[in-house]
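Biologist: I'd like a close look at one part of this model, please. Take your time and walk me through it in one go.

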Amino acid sequence: MRIWNAIICGVGGQGIMVFKRILENAAFREKLKGGNIRKIIGAEKHGLSQREGATDVCTRFLLLEPDEVYDDLLLTSALPFYGDADLAIGVEPVELLRNALYLSEKTFIILNTRTIPPCAVISGDMDYPPLDTIINAIRDISGSPHIIALDATALAIEQLGNALHTNMVILGLALATNAIPLKLETIKTIIEETIPAPSDNLRALEIGLQTGKNLLDTS
Amino acid sequence: MEEKILVNGVPNERVMLIGNMAMARGLLETGVQFVSQYPGTPVTDIGTYFSRIAKKLPGLYFQWASNEAASITAAAGASWCGIKSLTLMKHVGMNVAADALSVIALNGPTSADGRGGLLIICGGDPGSLGSHNEQNERFYSWMLHLCHFEPSNVVEAKEWIPAAYEISQKFDLVSFYRITSRISHTVEEVELKSLADYHGEKGKFIKNIPKYCSLPPHCINNHKRLYERMEKVVPYVLGFNKVIPGDSKFGIVTAGVPFGYTVEALRYLHLEDVPILKLGIINPIHETQFVEFAQNLDKILVVEELEPFVEIEVKRLAQEHHISAEIAGKKYIKNWGELNPNEVVTGIANFLDIPLNTSSFNEKAQKYQEYLKMVPPRPPTFCAGCPERALLFSLKAATDEANTIYAGDIGCYVMSFFPPLGVTDWVICMSGGLGAAVGAAMKTDQEIIALMGDSTFYHTGLPILVNAIYNNANVILFILDNSWTAMTGGHPNPNSGINGMGDPTPIPSMRDICKSLGVPWVRVVDPYNPRLMTATILEARKQQGMRVIISQRECMLQARKRLQKVFTKLLPQKWDFYWIEPERCAMCGTCSQKFCCTALRRNADYMSIDLERCTACGVCYEICPNSAVIHTVINPHLEGGA
């Protein structure tokens with residue numbers, strides 16, 4: 001038995017909820033088809049965090065081997081333990097650092113390096129920390145060797161002319177690390193079924209996937 | 001989306017649903033026909049769904065009520081006519097509804113011939129994930145004798161709704177569903193069942209003075225009858241409680257969301273033989289079941305969020321039944337904020353003296369705290385183009401901050417207390433800002449400015465304004481009239497011209513209301529015009545007594561939702577925009593520190609505008625003292641323009 005935990009952090013309005021629901025719906029599809037994912041719980045945040053505030057969501061999958069017996073009590077909490085994230089995605093850099101207690105050596109970390117300055121930075125009261133500093137801090141707290149930091153937003157704009165496809169590029173990067181216990185085909189199907197303009201999003205996914213593979217090959 | 005699941009969802013289909021949607025489907029499967037709500041996180045979405053589908057099912061009625069007292073009395077009225085009724089509110093809504101609820105619970109919610117039924121779904125918010133305060137509304141069910149359900153997950157939240165109505169109808173009790181943000185906003189797999197028949201039958205009220213007219217002697221008889229009615233529920237309680245057996249002499253009593261944390265915490269600690277009594281109904285608590293659970297145990301920990309409701313109850317029972325086990329709760333489980341699996345692990349370990357190897361985590365947490373110092377805070381803020389932000393700019397410019405009291409209130413403008421704006425001195429509750437301003441005005445010579453949104457004005461603001469005028473308070477009241485209940489996500493209120501059924505309604509004139517109440521000095525100003533707003537505020541400050549400035553401009557999000565549909569078809573995307581000439585920008589801080597719009601960007605020696613975020617409100621153009629903001633309008637008729 002294994003519980004797989006993913007956290008996704010960003011700024012209200014960055015579409016992290018949609019991101020999470022793609023993972024969940026794909027997991028649910030595989031569950032219905034008799035895969036090893038047996039239960040899914042996802043926690044969202046609504047309300048104040050939508051107003052350009054910091055926000056984070058998480059999703060948890062229960063995976064069983066064929067000989068293991070299902071019990072509803074194997075996965076009961078919507079929130080994971082600290083340090084227990086298997087996948088952590090920062091759609092905005094400091095937002096991942098804000099949630100770094102969920103990271104550990106085992107966490108696959110994908111960091112979009114495109115920053116969104118909060119009010120305190122616009123007003124000049126605080127500096128936005130340099131990217132290197134953020135990445136080092138995340139590495140230091142987590143101890144994880146699996147960190148991909150990349151300007152996915154720039155990729156989405158360059159290749160698809162639209163920053164809205166950022167999250168699909170990030171999802172592609174995450175899939176390239178094999179850190180997600182889901183089949184690529186299932187994720188594609190869910191994108192086709194549930195996301196408006198699926199063809200652009202599927203291209204974004206492919207771009208992320210290829211970029212990720214290239215990065216992993218060269219490293 | 002709503003219609004697909006709520007109206008057309010196929011019975012027996014298994015789907016992933018967010019808690020609020022799952023409950024909405026459960027309500028329709030039960031045959032709820034009357035729903036009323038004042039919007040409030042975390043349960044707002046349920047009303048939004050009903051508003052969108054109300055006309056799809058004959059006889060289904062939905063109302064955005066002007067406040068929770070209006071909402072609960074409306075639901076009681078419908079239930080007294082024999083209709084299954086529902087009212088929803090956030091935790092603090094219970095405080096507004098409580099006056100009416102105390103009598104509705106006493107009289108009983110059903111019709112005189114035992115039809116109808118009333119359910120309250122109350123969204124608690126431990127951790128204040130979407131609220132201005134943290135309170136434990138569970139105690140209302142103890143005080144007012146409500147049958148109190150506490151589902152621990154989305155499946156139970158959906159599945160228990162029919163029983164909540166059955167109990168309400170059968171025993172003439174108000175059923176109280178207390179869920180938290182962690183159920184409303186959690187996604188889980190649920191199974192759809194058949195929708196109830198909706199064919200629009202009418203209700204009928206049957207007169208019965210002793211039941212419905214709460215005065216002595218009836219109120220005392222009804223109080224006595226209420227104890228008898230509650231007693232009858234007890235056998236039903238077993239159907240919602242669950243005992244997870246175990247051989248350990250240490251047991252746990254829990255209810256609601258913390259149950260999920262508890263199960264995982266016990267596994268984490270390798271304490272899988274610990275018995276758990278999971279309460280699904282916490283009022284009334286099943287006495288015999290608890291006694292049987294507790295009598296052979298040495299130690300019992302009660303795991304619950306916020307103040308100790310269950311702990312107090314089981315300690316009372318333990319005392320009555322001479323249970324010898326050591327019972328603890330809040331000594332080990334914190335009584336503020338939201339719990340999580342880690343907190344429960346620590347609580348259990350401390351209670352049982354289990355050593356936890358926390359050194360590596362502590363080291364990590366210490367590092368984390370150290371790094372966090374460089375992370376800029378990101379509290380929620382006003383959207384780019386928000387009229388409230390524009391008003392606050394003028395307010396700061398035209399008042400003497402050091403010698404003025406700014407009475408804040410609940411609504412988007414509550415965010416004005418976050419730096420760098422920082423122009424709110426107190427926040428109490430809906431209309432509490434003006435309320436306190438009236439008292440302060442009597443006892444200080446400081447200038448007092450009160451803020452109030454239009455939804456707040458119609459929620460509870462009117463009687464407070466009457467009090468202010470009646471007592472000749474020396475206050476400037478700003479009514480932030482953006483036409484919508486914007487904070488919850490743009491819901492209609494009596495000022496919106498549309499109601500919960502989607503029908504058009506007359507928009508009252510706020511100016512005329514204030515005038516007719518006797519406010520001698522009322523002005524209506526567009527906050528997108530900071531010069532006029534500033535001049536108006538300066539003029540107001542020269543007067544005495546009650547003065548009202550209505551800052552009138554529709555919520556930018558709502559306006560764009562409607563207008564964009566038209567404009568994007570007719571015009572190129574960026575035909576009217578603002579940008580900053582770097583050479584003219586002196587980094588004076590007017591836009592960045594005093595206005596602080598989130599569409600602004602700080603560069604090394606000039607500010608710029610992020611066109612992706614800018615909504616072209618033009619306020620930065622108006623306020624820039626260096627004329628560095630340039631307004632460009634492209635003639636869409638030019639070649640390539642469109």
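Which two residues touch the most other members of the largest nonpolar core?

Modeller: Those would be A174(A) and I121(B), in a core of 179 residues. On the chain B side, domain 1 (2-237) and domain 2 (242-359) each put at least three residues into this core. Before going further, keep in mind that this is a predicted model. Chain B has an average pLDDT of 95, with 98% of its residues scoring at least 70, and the model comes with an ipTM of 0.96 and a pTM of 0.96.

Let's stay with I121(B). Skipping its neighbours within four places in sequence, I121(B) is in contact with M23(B), V43(B), I46(B), L86(B), L88(B), Y177(B) and I179(B). I121(B) belongs to strand β5 of chain B, residues 117-124, and 8 of the 8 residues there are buried, so the strand is largely enclosed by the rest of the structure. Both faces of β5(B) share in that: G117(B), L119(B), I121(B) and G123(B) point one way, L118(B), I120(B), C122(B) and G124(B) point the other way, and all are buried. Alongside runs strand β4 of chain B (residues 84-90), parallel to β5(B) and joined to it by 7 bridges. One of the pairings to look at is M89(B), whose bridge partner in β5(B) is C122(B).

The loop between β2 (34-37) and α3 (44-53) of chain B holds P42(B), and the peptide bond joining T41(B) to P42(B) is cis, with omega about 10°. There's another cis bond from P419(B) to P420(B), where omega is near 5°; P420(B) sits in the loop between β15 (404-407) and α18 (432-443) of chain B. Most peptide bonds are trans, as a rule.

P419(B) also leads us to P377(B): the two are 42 residues apart in sequence, but their C-alpha atoms are 9.9 Å apart in space. P377(B) is in the loop between α16 (359-372) and α17 (387-398) of chain B, and it's partly exposed because 16 other C-beta atoms lie within 10 Å, short of the 20 that would make it buried. Leaving out neighbours within four places in sequence, P377(B) is in contact with P118(A) and A120(A).

That brings us to the other chain. The contact takes 46 residues from chain A and 46 residues from chain B. On the chain A side, α1 (16-32), β2 (37-43), α2 (93-98), α3 (119-122) and α4 (131-142) each supply at least two residues. Sorted by class, that side has 28 nonpolar, 10 polar and 8 charged residues. Pairing crosses between the chains too: β2(A) and strand β8 of chain B (residues 186-191) run antiparallel, joined by 2 bridges, and A43(A) has T186(B) as its bridge partner in β8(B).

Back to cores for a moment. A second, separate one has 75 residues, including L395(B), L421(B), I464(B) and V629(B).

Two backbone oddities finish the tour. C596(B), in the loop between α23 (590-595) and β21 (600-602) of chain B, has a positive phi near 55° without being a glycine. C596(B) is buried because it has 24 C-beta neighbours inside 10 Å. A616(B), in the loop between β22 (607-609) and α24 (619-623) of chain B, isn't a glycine either, and its phi is positive at about 60°. With 20 other C-beta atoms within 10 Å, A616(B) is buried as well.

Terms used: Residues are numbered from 1 along each chain as its sequence is written. Chains are lettered from A and ligands numbered from 1 in the order in which they are written. This is a predicted model: local features need pLDDT of at least 70, side-chain atom pairs count only at pLDDT 80 or more; totals for chains, interfaces and linings use all residues. Helices (H or I, at least four residues) and strands (E, at least two) are DSSP runs, numbered from the N terminus. A residue is buried if 20 or more other C-beta atoms lie within 10 Å of its own, exposed if 12 or fewer, and partly exposed in between; C-beta atoms are placed from the backbone. Two residues are in contact if their C-beta atoms, placed from the backbone, lie within 7 Å. pLDDT is the predictor's confidence in each residue, from 0 to 100. A nonpolar core is a set of buried Ala, Val, Leu, Ile, Met, Phe, Trp, Tyr and Cys residues joined through C-beta atoms within 7 Å. Domain bounds come from an automatic or database domain assignment. Ala, Val, Leu, Ile, Met, Phe, Trp, Tyr, Cys and Pro count as nonpolar, Asp, Glu, Lys and Arg as charged, and the others, Gly among them, as polar. Two strands pair if DSSP finds at least two bridges between them.
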